[in-house]
Amino acid sequence: VCHFWIRVCLIAIVFDVSHPSDMYAFELLRFLVHKAKEDSSEMSESDRLLYSRVIRKWERLLEVLQGTMIDPSSSASTHLFRKRRLEVACTISELHQRQRRRLYPGNEDNGDGGGDVSHDTRAENSHDNSEIETAVLDFLKRYCMGTQLDDKILDKMLPSTLGGDASNFIGNLLIRYPIAIEALLGYIYKPGNQRVRSVVTRNKCARLAAMAVLAAEKEALSEARKIDQNTAELELDEVGLTRMISEGSRLCEQLENMVSFIVTADPNRKKGPAAALNPGEQLCALAVKYAPVSRGVAMWAREITKGGEFVHSASYPTISPSIMSLVRVVFLHHPFTRDDTCEVGFGFLKHNNSEIAYQTMTHIKEQSLRLLIFVCVRGEAPAVLGRMIHLLKDSSSLDASLVRYFVSGLLEVATP
C-alpha cells in the first residue's frame, strides 16, 4: 500500500493533479491482477478456471478506468484538464512503463535471454515492437485531444505483410487497450470533424480493427477449447473483415443523407443479391454478422442522435424511428452494445423541437420508451430504471402520459 501511494503522489506532484483517486485505483487494480495471477499458478486446473473469472473482472475494471481517462467524451471539462489527465493516463499505462523497465520492450521474456531466438533477432524485434507501442500512444493522444488522424501514425502501427507475427503482436496489443479499438472505429464511424474522409486512411483504420478482432477470436478459441476440444474455428480473414468494416462505415455515412431507411430484423431471410437490398438492410446484414460493424453502428447512432443539429433537421421525424429500429436489431444480436442502446433511447427522451407536431414528438418518445423496455427485458433493468429515476427527478422532459406509458409497458412485460 505504501508503494502505491508513493507512486501516486510522485505522479500527482509531477503533473499537478489534485485528485489522484483514479491513479490509486489504477495501481490497486494492477496489483490485484498481478497478485491473483501469481496465486492462480499454484492452483489446480479446475480452480484456476474459476479464479480466472475474478481476474477477468479486475482486468475489465482496469480497462474501463484507463479508457475513461483517455476517452474525450467521458469528461466535459477544459482542454487543459483533459491534456493533464491524458498525460497521467499515458504515463502510468503499460505501453509507457514496459519500455522503461524491460531490456527488450515488447517481449514477454523480460529480456532474460531465454529461448532459441538470437540476441540480434530479439533486439531487432523489440525495437520494432517498441516503435509500434509508441505509435499506439501517439494515436491515443490524438484521439483524446480531438485532432485529425493522418497516415504517418497508422503506417507505424501497420505491418508490411498480411498475417504473421507482426499482425499477431499488433492485434494482441490492441485488445489489451480496448480504448484504442474504440478510437479506430470512432474515426471511421462517428460523424463530425474527427471522421476520416480519405478512403486509404479509412481502410488502414479498418485493417487495424480487423487485426484486433482476429486476435481476440484466436484467444477466445483457445479458451473455449480448454472446455470443449471440438469447438469450431470461425471463418474470418483479415482482408474480408477489413472490407466489411469499411463498407459499414460507408453505409452509415450514406444513411446520414437519407430521409428514412428500412430495417430488417433478420436480414438473412431475405433472398436475392446484396446489391438489391437498400442501404439500411445492407447495414443490418453486416451488423448482425460482424461484431466490429455492430459496435461501429451503435457508436454512430449514439453520436448522431445527441446533437442539437439532428433534432432540428428536416429528416428528424422520419429518420428517428429507423435509427431506433436499427439500434434495437443490433442490440438483439450483440448485447455488448447495451450502453450505446441505452444512450440512444434516453437521448430521444430529452429531444424537444417546437416546430414538430406534439403528436409526432410523442410517438417518437413512445418508441424510445419501448426500446428501453426491450433493453430491460434483455437483462439491463437496473441500469435503465436507475437512469429513469434520475431523469424524472432532475428534469421535466417527460410528460405524465409518457411516464404512464413506460410504467404500463413494464407492468405488461412483467405480468406472468
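Start by selecting Val 407, which you will find in helix 18, residues 400-414. Keep in mind as you click around that this is a predicted model. Val 407 is partly exposed, with a relative accessible area of 40%. Now add Leu 369 to the selection and draw a C-alpha to C-alpha distance: the two residues are 38 apart in sequence and 9.8 Å apart in space.

Next, colour helix 17, residues 358-394. How far does helix 17 span between its end C-alpha atoms? The span is only 22 Å, whereas a straight helix of 37 residues would cover 54 Å at 1.5 Å a residue. To see where the path turns, centre the view on Glu 380, where helix 17 bends by about 135 degrees. Show Pro 382 as sticks too, as this proline follows the bend within four residues.

Now turn on the charged side chains. The model has 16 salt bridges in total, and a few make good stops.

Begin with Arg 250 and Glu 247, whose side chains meet in a salt bridge at 2.5 Å, N to O. Both sit in helix 11, and because they are three residues apart there, about one helical turn separates them. Check the surface view here: Arg 250 is partly exposed at 37% relative accessible area, and Glu 247 is partly exposed as well, at 24%.

Stay on helix 11 and pick Glu 253, then find its partner, Arg 197; their salt bridge measures 3.0 Å from N to O. This pair links distant parts of the chain, with Glu 253 in helix 11 (residues 238-255) and Arg 197 in the loop between helix 9 (178-189) and helix 10 (199-227), 56 residues apart. Are these two partners exposed or partly exposed? Arg 197 counts as exposed, at 53% relative accessibility, while Glu 253 is partly exposed at 22%.

For another pair, select Arg 142 and Asp 150. Their closest N and O atoms are 3.5 Å apart, and the two form a salt bridge. Arg 142 has a relative accessible area of 27%, making it partly exposed, and Asp 150 is partly exposed too, at 26%.

Finish with a group instead of a pair. Which residues are linked in a network of salt bridges? Select Glu 182, Arg 295, Arg 302, Asp 340, Glu 343 and Arg 387 together, and you have the members of that network on screen. Arg 387 also brings you back to helix 17, which runs over residues 358-394.

Definitions and conventions: Residues numbered from 1 in each chain as written. Predicted model: local features only at pLDDT ≥ 70, side-chain atom pairs only at ≥ 80, totals over all residues. Heavy atoms only, no water. Helix = DSSP H or I, 4+ residues; strand = E, 2+ residues; numbered from the N terminus. Expected span 1.5 Å × (residues − 1). Bend = angle between axes of the 7 residues up to and from the residue. Salt bridge = Lys/Arg side-chain N within 4 Å of Asp/Glu carboxyl O. Buried < 20%, exposed > 50% of the residue type's maximum accessible area, 1.4 Å probe, protein only.
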